[in-house]
There are 4 protein chains.
Amino acid sequence: MTDKKPPVRRSEKSRQAILTAARELVAEYGFAKLTIEAIAARAGVGKQTIYRWWTSKGAVVLDSLIGDTPNGAALPDTGDLATDLREVMRLTAAEMASPEIQASTRAMNVAVQTDPALAEVYRERYLGPALASARDRLASAREAGQVAADADLEVAAEVLFGAIYYRWSLGLGPLDDAYADAVVRLVASGLR
Amino acid sequence: MTDKKPPVRRSEKSRQAILTAARELVAEYGFAKLTIEAIAARAGVGKQTIYRWWTSKGAVVLDSLIGDTPNGAALPDTGDLATDLREVMRLTAAEMASPEIQASTRAMNVAVQTDPALAEVYRERYLGPALASARDRLASAREAGQVAADADLEVAAEVLFGAIYYRWSLGLGPLDDAYADAVVRLVASGLR
Amino acid sequence: MTDKKPPVRRSEKSRQAILTAARELVAEYGFAKLTIEAIAARAGVGKQTIYRWWTSKGAVVLDSLIGDTPNGAALPDTGDLATDLREVMRLTAAEMASPEIQASTRAMNVAVQTDPALAEVYRERYLGPALASARDRLASAREAGQVAADADLEVAAEVLFGAIYYRWSLGLGPLDDAYADAVVRLVASGLR
Amino acid sequence: MTDKKPPVRRSEKSRQAILTAARELVAEYGFAKLTIEAIAARAGVGKQTIYRWWTSKGAVVLDSLIGDTPNGAALPDTGDLATDLREVMRLTAAEMASPEIQASTRAMNVAVQTDPALAEVYRERYLGPALASARDRLASAREAGQVAADADLEVAAEVLFGAIYYRWSLGLGPLDDAYADAVVRLVASGLR
DNA sequence: TTTTAACCGAGACGGTACGTCCGGTCTTGTC
DNA sequence: GACAAGACCGGACGTACCGTCTCGGTTAAAA
């Protein structure tokens, strides 16, 4: 996906095997200890087949983790902004705190830190949609008069996710409901 | 610093040479292309001398960059919270956006992402003081009645820095004064 | 040769380059100062390529020196045993005394002293044929009645070469024609 | 012994500990795997103390093995040369074949092969006396008329020991009484 | 008897080479 | 011609020892 050249004649079976192997190995050993050779071996694939279609370890990993998940589900809209934001933030926090997903997300995060090209893909296909959904919900709240007319919704969305990302990324504290709620309270209050 | 054993008998000259070499090489080539061998070579030091006192490339880099910088300067206190926060956030944003410092900070960030032990050190010696300063300024504002009595200052400080970190880390947009101001506006308003 | 696995798919060019480099480096620096890294560097080859096909420095050296030399030339047979033996012993002595060959032979000797597996190869491909040739000549002399019927030709051959080897190996004295002749005189006389 | 400078003020205790450690380690691991550091550690001695008094690993080993053994015992003289030689050769062969002594002797042999200075010491203090004893016995046999007047006794002695050394050094065959006897028979016959 | 300097243990130091791992490229034979 | 397999060159890894160099502590001769 990430680096596909004009898809001339490509073994879908190999592609899937590679992505699956990458996913498994990241889960088992983490991003740092992951090697192209190990992916090839586990996938039963020649190394060249990986190099033919991806540019780096990070590209494979990103591809394997983003996969075909859309990640663009619209936020719930119960009419009460704080309630809806709270739900999403709690969910996001819980997801990032969950041990099963940790390894993958950390891997993706490191990959993205290291390679601007991957960051581009990551933003477009993963973060962008999530931020857009939040922005949309905020816009609908503004229309409902729950948010000040001059509020910068773009920034508000970023601040919400940024708070969680910051705490998660640097291990500053627990990612529980209380934290999610506190962030939502602050931002929602600031938006009024 | 990071991994010093009971200070047996250690060459201060070598230690400095290693940290300097690490700092330079990170600036020149970035964290990913940095090698222990290169550090040793530039520092005119045996590899063993590095392995004797540090546990990993990341530990050396962190040590070389945190150095002896306190990073705990108190925030200005003009009496107006928004003004003071704006100044600090603008400064922080500008610092992280500046190309000269980019390489170092990215390096430190990757190192920390990869090794929980380093993250611990980073939090204690670098982030902690910065967050504490912000918290202190918010506390003084609360006493001045500019902040609601029940506001969670801890979370507020994190949200402020988190917003900048998020945008910087993932390259979501420009780190200019406008962004810093927007974040401050939202948070300051939320705190009232 | 020494350690070849089922000849999978091996670069003959690299093999030759390695053996040549080993030969040169032994001649230049001697066995003790020889390193695998130096061989790889001079041969323009990855170290792994050496480790893939040989088990040790000694194995490479032995291979490089034994090469494809047969070393099994039959002894001359002029009809007079003493004359023929004298010629071979003089030649052998001169060869081992010659400075150009010294380094190689000493290297091979040390390699063989250190590793029984190499000794095995050395005996079979190098010493064995030489001893066999001598034994054959003695046998023909016995048929001609110049040697006692009950003489142990095997031992006689060993004694001949052993005398030279002993003096050479431990530097007990000059390896000149006089010495070769003295040894031949003693043994030939003992065989009658 | 080997490299002693004017024995200013030297800890006899350390010296003994080093030699003992060297002897033990050679027996346990062989000469190739022996390291100065290991000797120092086992002897409870600083490395410098070894380097102060010896020039190389080989020098320590040689010193530790030659020790103060004279090795110059005169050969028995029963009146019958062949009998006496047979006894000495059998004994020598058995000694070199014995597994307990193997490691030491091989170590000494390798050390000597590698360093001409050690070879010098080895010849003077170890081989020389042994060869001289044999030569003396041959001389007495010549006086008794058992050996031709023009025989080269020097060479004869070398040939005797050389045969055993050759077979032992290169592993050409068993070092049993039969071999010792065969060598003696050939040489004794040649001397008449 | 006190000084003093060499010796000693310990072990850090700048280095070199080790043998291994992996990156990214190239080659071979199969499908 | 894409593919699995894996050899190849290169280069960094982390370790083991080298031989040199402090650093106190201890001795034994000189003062």
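**Around DNA strand F, and how chains C and D pair**

Let's begin at the DNA: in this predicted model, a polar backbone atom of C:Arg9 sits 3.4 Å from a sugar or linking oxygen of DNA strand F. As for secondary structure, the elements that supply two or more residues to the surface near this strand are helix H3 (47-53) of chain A, helix H2 (36-43) and helix H3 (47-53) of chain B, helix H3 (47-53) of chain C, and helix H2 (36-43) and helix H3 (47-53) of chain D.

Two phosphate contacts are also worth a look. In chain A, a polar side-chain atom of A:Ser14 is 3.1 Å from a phosphate oxygen of DNA strand F. In chain B, a polar backbone atom of B:Ile36 lies 3.0 Å from a phosphate oxygen of DNA strand F.

Now step back to the whole surroundings of the strand. DNA strand F is surrounded by 36 residues, and the closest are A:Thr49, B:Tyr51, C:Thr49, D:Lys47 and D:Gln48. Of the atoms of DNA strand F that come within 4 Å of the protein, 67% belong to sugar and phosphate. By character, the residues of this surface comprise 14 charged, 14 polar and eight nonpolar.

Finally, turn to how two of the chains are arranged. A turn of 179° with a shift of 0.0 Å along the axis lays chain D on chain C, with an RMSD of 0.2 Å. The two copies are therefore related as by a two-fold rotation axis. To find that axis from chain D, look for D:Gly190, whose C-alpha comes closest to the rotation axis among the residues of the chain, at 1.6 Å. The copies meet through the same surface, because 100% of the interface residues of chain D are also interface residues in chain C.

Technical notes
Residues numbered from 1 in each chain as written. Chains lettered and ligands numbered in written order. Predicted model: local features only at pLDDT ≥ 70, side-chain atom pairs only at ≥ 80, totals over all residues. Heavy atoms only, no water. Near = heavy atom within 4 Å. Polar contact = N/O pair within 3.5 Å; in protein donor to acceptor, adjacent residues only side chain to side chain. Helix = DSSP H or I, 4+ residues; strand = E, 2+ residues; numbered from the N terminus. Nonpolar A, V, L, I, M, F, W, Y, C, P; charged D, E, K, R; others polar. Least-squares fit on C-alpha atoms with pLDDT ≥ 70 in both. Contact = heavy atoms within 4.5 Å.
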